[in-house]
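The exercises below are to be worked with the sequence and the coordinates side by side. Each one sets a task and is followed by a solution in steps.

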Amino acid sequence: MGHEIASPPAPLPVGRGEIERLTCLGDSRPHCHSERSEESLRGDEVTGMRERKEKHVSTNLGEVLHCEPLVSTWGTSVGTTDDMTDGTATTQERAMVQPIVSMREIDKRFGPVRANDKVSLTLYPGEIHAVLGENGAGKTTLMNILSGMYQPDGGTIELDGKPITIGSPSEALAHGIGTVYQHFTLVPNLSVIENVVLGTKTGFVLNLSKGEQRLKEVLTEFELNTDPNVEVRHLSIGQRQRVEIIKVLMRGTRVLLLDEPTSVLTPTEVEGLFRILRRLREEGVSVVIITHKLEEALDVSDRVTILRGGKNVGELGPDDIASAGRAGARQRIVETMFGGMPAAAETFQQHVATGKTLLELSGVSAIGDRGEIAIRELSIQLRAGEIYGIAGVDGNGQKELGEIIAGQRKTTTGRLALDGTDYTNAGVATLSRAGVGYITDDRLGEGVVPGMSVAQNAALKTINRSPFSKGFWLDRKAIEANANTLIEQFSVRTPSAQTKITLLSGGNIQKLMLARELAMDPRVIVCNKPTYGLDLKTAQFVLQTLRQEADSGKAVLLISSELDEILEISDRIGVIYNGEIVETFERAQVDIETVGRLMLSGRAAVAGSAA
Amino acid sequence: MTINGIDLFDFLTAILATGLLRAVPLVLASLGDVFAQKAGLLNLGIEGMMLAGCFFGFYAAYHTESVPLGLLAGMAAGLALALLFAVLTVHLRVDQVLVGLAITIFAAGLTGYLFRDLFGGQNVSASVRPMTIRIPLLADIPIIGKALFDRQLLFYIAWLLVPIFAFVLNRTRFGLNVRAVGENPFAADAAGVNVIQVRYLAMSLAGIMAGFAGAFLAVADLKIFTIGMTVGQGFIALAITMIGGWSPWKIAFAAILFGMLNALGDSLQIIGVNVRTEFIGMFPYIGIMIAMIVLARRTSVPAALAVPYARGQR
Amino acid sequence: MNERARMSSISILPIVSSVLAIVMAFVIGGIFLEANGKDALHAYRILFERGLVNGDGLTETFKKMAPMLIVSAGLLIALRASVWNIGIDGQFMVGALLAGVAGAAVAGSVPNPLMWLIAAVAGIIGGMLWAVIPALLMVKFNLNEIITTLMMNYVAVNVCAWLVKGPFRDSSVVAPQTKQIPLADRLPFIPGTEVHIGLIVGLLCVVVVAILFRSTVYGFCLDVVGRNRKAAIHAGLPVGRLAGSALILCGAFAGLAGANDVLGIQGLFKANWDPGYGFTAFALVYLARLNSLLLIPFAFFFSFLLVGGDSMPRRADVPTYFVGMLEGLMLICFAVAVYLERRWHAISERIRGRPDDRIEPESSSGPSALEGLEISS
């Protein structure tokens, strides 16, 4: 840990040509082509793993990054892997390898809830290990224990066979365990280099210029062409994630934890991330990715641990995956993940919207919270009886779009009309009365009032209307009766209507918010990420409810970063990119590849891309 | 050039000299407060810390007749209250506004009590002689010479602290940690920065500087203590920190501006303009509000200001 | 949970911790006095006797209670909406000045009740006037009201002094003060006592505020704004207007308190008269846990503290400032109590189990003035 960025810059031995070789690796290496057979892919990976085992650790990228020249390792190790295409690692061979981390019987309780119930995880050097599970399965808790954020209530953690305790994130870093959190932990107002240096321990005075050149080289290695002095807030999400990875690697990280790393990335960015992870694996870094996305886990990982309800329910090693084949592995994982329940629910019947246009946005623009142009001349027509899905990568103006329709955000240009009547910048109260319902994605932040009861929250949006109030005065009985009705209709799990809202689970708060909105009988329903963080059952309930509302003649705008759920219930799909709807599809005509590219680049055809 | 028989140069010298002197406590307290605010601590106890610095500084100086000891005592008092603030807000995570006000109320009561009890409410002055340094040649420059280069040692020290604080904030590891902790404590923690420790250090610095500011006022400048003598200067310093956009240089500039506003009354009276002191007296306070209006949209408050941090909660 | 269970769950814990905080403050204050060579027990006996036991002192306490009640009722409105009005002193002064001027101007020429009404309205207008400025700055320019209200306090001190030495000065006396309202024209006593009817006004104010938060849409909306501003925006509430109106309303109460003191006790406004109720009201409202009806016992408590504190210098050789110090200590101890309460909740939740299926601990968004505070009407 003595070395870090301030040490004298080492010459970069990787020549221009080699860098190019590195950057095109993703394309030249067979497993980057998704079309190729899964069997041979697995074989490859496993071979690579055995190979790495032999030369393990000496080329640890983390160490390399900060104290040694960037060895021309990537080129050579890749070469070796390419040569060895026949071998498969056997169980005996792996048994000889000592795990780098083993977590045994980890217990962690929050109140009465056992988030982790004797969970074990074994991580070998130079492997990519996916921890799979639904939301609430205990994945993040487990990771937070390994990263020092939480202290376990029971169980042991061993590093290189020696028991350790991890009292804080900095202790984890000292042990070589680095974490990339789902919500990135970069300070937006600091520069890239300041973020990288943050938390390292050297002299009192910072000498950033010394490390700058070095960092520039590393950034290039990671396909990032940014100036180290640029403030992080100017970077895209994908770029930030790479800075985040560089940051932890430069601390000599041997074990890299990533929490839901793909949830904010576009398909192409995901590919880029996986490319980096594979390269790190070649260097002997062990990678843990926490995810609920099965396909991604299969794409990138050597080993899969599956959690359900805070318990280990299964583990698939490289052999299992190789022998079962991708399809077989998927089948097995699905069974363990959902306890036999089918993963994908039955698709809803599609409808052709025939109703009249209820909501019309024409040429609407708006400014975002940070003063940027969030929505550019956007136009949408929403018809009665349809669900219109807005697909897009987070941060492309989805939240602002929802807020505009709800009246929470002022537009700078354009017009908003409801059923033909102009409601441009009419404000929340007016739009709400005119029949717009908005379900925010920020449940605790703005959806409900913490500290108030379920009943009060249920009446929040209509408190100044009958029956909840008569003129100046509240009618408490009506407020409570209303809440009880909604609780029953939507089976909200709460001890009573007087319980404080924050004591409810996320899913139940979401149900209550949905109930609250539908009780106002809106004509247009806008919902932003309505299933985010919900368990499968509640998510299905929410989606079904939205479908029913649309079927009863309402217009629903479904904003989500989960393409799957948009495809599941929408009649039409618009792709939002950089504040514009770049393309609209009827559900039947959707081509997922095209949608993915649109989400990423705003263009259907990407020049020079090997798609 | 004369107005009403008063030399204009003399007037300008007087306003500059008094203004710079009045600015010293403001700049001292603000410089410390930059670190507190940048670390995410909204310190409404600053008024109390300054007042405590006044009293304990004066008390020590009165008995020892030593300026350095007076200053040390003032700083110690500020530090003690700052640590109290830190324990309550950083460790116990109680609302910062509540704790800040509590400390200001407490310090006002404590200093009033002690002054009445120990001095019987008599207005006595400390017989201290702050060291004055006249810089040759420079002091002979018209208007600014006397105002800038014929002052007591502490005056120079105070202004010298501006570049030092700017350096510490922008160019040192501690400064970097402070800036990160106030902007995104979670990120700082994940990067291995000890958030609690950084906040304690930043708060301690703020307390010491507030105590220093108070001690300067009571020991080096006025040499007397009166109950409630800071009359909101701590709060003004807090506002100046915001107006100055958390940059020590801009803060120094803002402090000088308000020092001048403060000195305006005295200076006008010197040249014989008949204005009510009450009328002049409200200038700095109104000035603060106007400055805030003008600068309101341009400043970006540290994102985690007044937000307590607990690991594992976001 | 049925209605009765709910009633009992409006637990007494918050009150207990307030009381404990007060006791702790007294203990620490006592140790301080002893260390300072005073007889702490004697001093405390004087403090309590004067304000509580002596008939005379009790009257003083009740007189003091009137402005306390009015000011804290107003402050409660602001704080429930998370508006930090620290400018109560300024609003009080301007209110008192205008009430004094208006009252004296019409005294004798109109019936007394009308004169009181005019003076009260003048006081309310004065207080509101002083709160409108920071309210506008807060709503229009998004300026932090803590700083603006503080600054307005100091402006008020200067403006009032200037006015009372200039335009509003009673030229017949040497001291800078407004014209006196004759003793006979001041507020009458509550029958059978020597406490003027301002106390009843104060109690009414508290009741009004209690009803406001318990049964009105406006009070409900203020609570929403105070607890989660973003949710208020989301729900379509006019957040700026609500917060601004809470500040102005608070100013109105402060101004009324000023009028009350002028009409009931002082009869005039003097330069440099600053009773400094603002900080005391803060301590009071916080210790009453932002609960309107609890204001009454706590106002009584703080009133006898102030009254008792006034007699401490003479009879116990303890400077009056001791009470101010005690208030600070109470708030500091209260801060600790809030923390302990939170710990207690966490522990008892672990023991009882929580009625949810939540996995991760979630924190509420951002800082809140209401953090850790029990609010029920």
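**Exercise 1. A helix across a sheet**

Across which strands of chain A does α15(A) lie, and at what angle does α15(A) run to β16(A)?

*Solution.* The model is a predicted one, and every value below is computed from it.

Step 1. Set out the sheet: its six strands form an open arrangement in the order β16-β19-β20-β13-β21-β22 of chain A, and the pairing is mixed. The edges are held by β16 (436–439) and β22 (580–586) of chain A, each of which has a single partner strand, so one side of each is left without a neighbour in the sheet. Averaged over neighbouring strands, and with direction ignored, the turn of one strand against the next is 20°.

Step 2. Place the helix: α15(A) lies across β13 (387–391), β16, β19, β20 (555–560) and β21 (572–577) of chain A, and runs at about 150° to β16(A).

Step 3. Add a further helix: α20 (506–519) of chain A also packs on this sheet, where it touches β16 and β19 of chain A, and its direction makes about 175° with that of β16(A).

Step 4. Check the pairing at one edge: β16(A) runs parallel to β19 (524–528) of chain A and is joined to it by four bridges, with A:Val526 in β19(A) as the bridge partner of A:Tyr438.

**Exercise 2. The four-stranded sheet**

Determine the strand order and the edges of the four-stranded sheet in chain A, and find the helix that packs on it.

*Solution.* Step 1. The four strands make an open sheet in the order β12-β11-β14-β15 of chain A, with antiparallel pairing. Its edge strands are β12 (373–383) and β15 (421–422) of chain A, each of which pairs on one side only.

Step 2. Between β11 (357–367) of chain A and β12(A), which run antiparallel, there are seven bridges; A:Thr357, for instance, has A:Arg383 in β12(A) as its bridge partner.

Step 3. The helix is α15 (398–406) of chain A, which touches β11, β12 and β14 (413–418) of chain A and whose direction makes about 60° with that of β12(A). Taken with the first exercise, α15(A) therefore has contacts to describe on this sheet as well as a course across β16(A) and other strands.**Exercise 3. Two loop residues with unusual backbone values**

Locate a cis peptide bond and a positive phi angle in chain A.

*Solution.* Step 1. The peptide bond from A:Ser466 to A:Pro467 is cis, and its omega is near 5°. A:Pro467 belongs to the loop that joins α18 (454–458) to β17 (469–470) of chain A.

Step 2. A:Asn425, although not a glycine, has a positive phi of about 50°, and its place is in the loop between β15 and α16 (428–434) of chain A.

**Exercise 4. The interface of chain C and chain B**

Describe the contact between chain C and chain B by its residues, its buried area and its polar pairs.

*Solution.* Step 1. Chain C contributes 49 residues and chain B contributes 52 residues to the contact, and the area buried between the two chains is about 4500 Å², of which carbon and sulfur atoms give 78%.

Step 2. One salt bridge is found across this interface, and it links B:Asp117 with C:Lys38, whose closest N and O atoms are 2.4 Å apart. Five residue pairs are in polar contact, both residues of each pair being at pLDDT 80 or more.

Step 3. On the side of chain C that touches chain B, at least two residues each come from α2 (13–35), α6 (112–141), α7 (145–165), α12 (277–287) and α14 (321–352) of chain C, and the largest share, 14 residues, is that of α14(C). Sorted by class, this side has 35 nonpolar, seven polar and seven charged residues.

**Exercise 5. The interface of chain A and chain B**

Repeat the analysis for chain A and chain B.

*Solution.* Step 1. Here 30 residues of chain A are in contact with 24 residues of chain B, and about 2200 Å² is buried between the chains, 65% of it on carbon and sulfur atoms. Within chain A, the residues that lose the most area to chain B are A:Met149, A:Leu198 and A:Leu206, which together account for 26% of what that side buries.

Step 2. The rule gives one salt bridge across this interface, formed by the side chains of B:Arg179 and A:Glu194 at 3.1 Å from N to O. The polar contacts number six residue pairs, with both residues at pLDDT 80 or more.

Step 3. On the side of chain A that touches chain B, the elements giving two or more residues are α8 (169–174) and α9 (192–197) of chain A, and the largest share, three residues, comes from α8(A). By class, that side consists of 15 nonpolar, eleven polar and four charged residues.

Methods: Residues numbered from 1 in each chain as written. Chains lettered and ligands numbered in written order. Predicted model: local features only at pLDDT ≥ 70, side-chain atom pairs only at ≥ 80, totals over all residues. Heavy atoms only, no water. Contact = heavy atoms within 4.5 Å. Buried area = accessible area lost by both parts, 1.4 Å probe. Salt bridge = Lys/Arg side-chain N within 4 Å of Asp/Glu carboxyl O. Polar contact = N/O pair within 3.5 Å; in protein donor to acceptor, adjacent residues only side chain to side chain. Nonpolar A, V, L, I, M, F, W, Y, C, P; charged D, E, K, R; others polar. Pairing = 2+ DSSP bridges. Axes fitted to C-alpha atoms, helices over the stretch in contact; angles between N-to-C directions.
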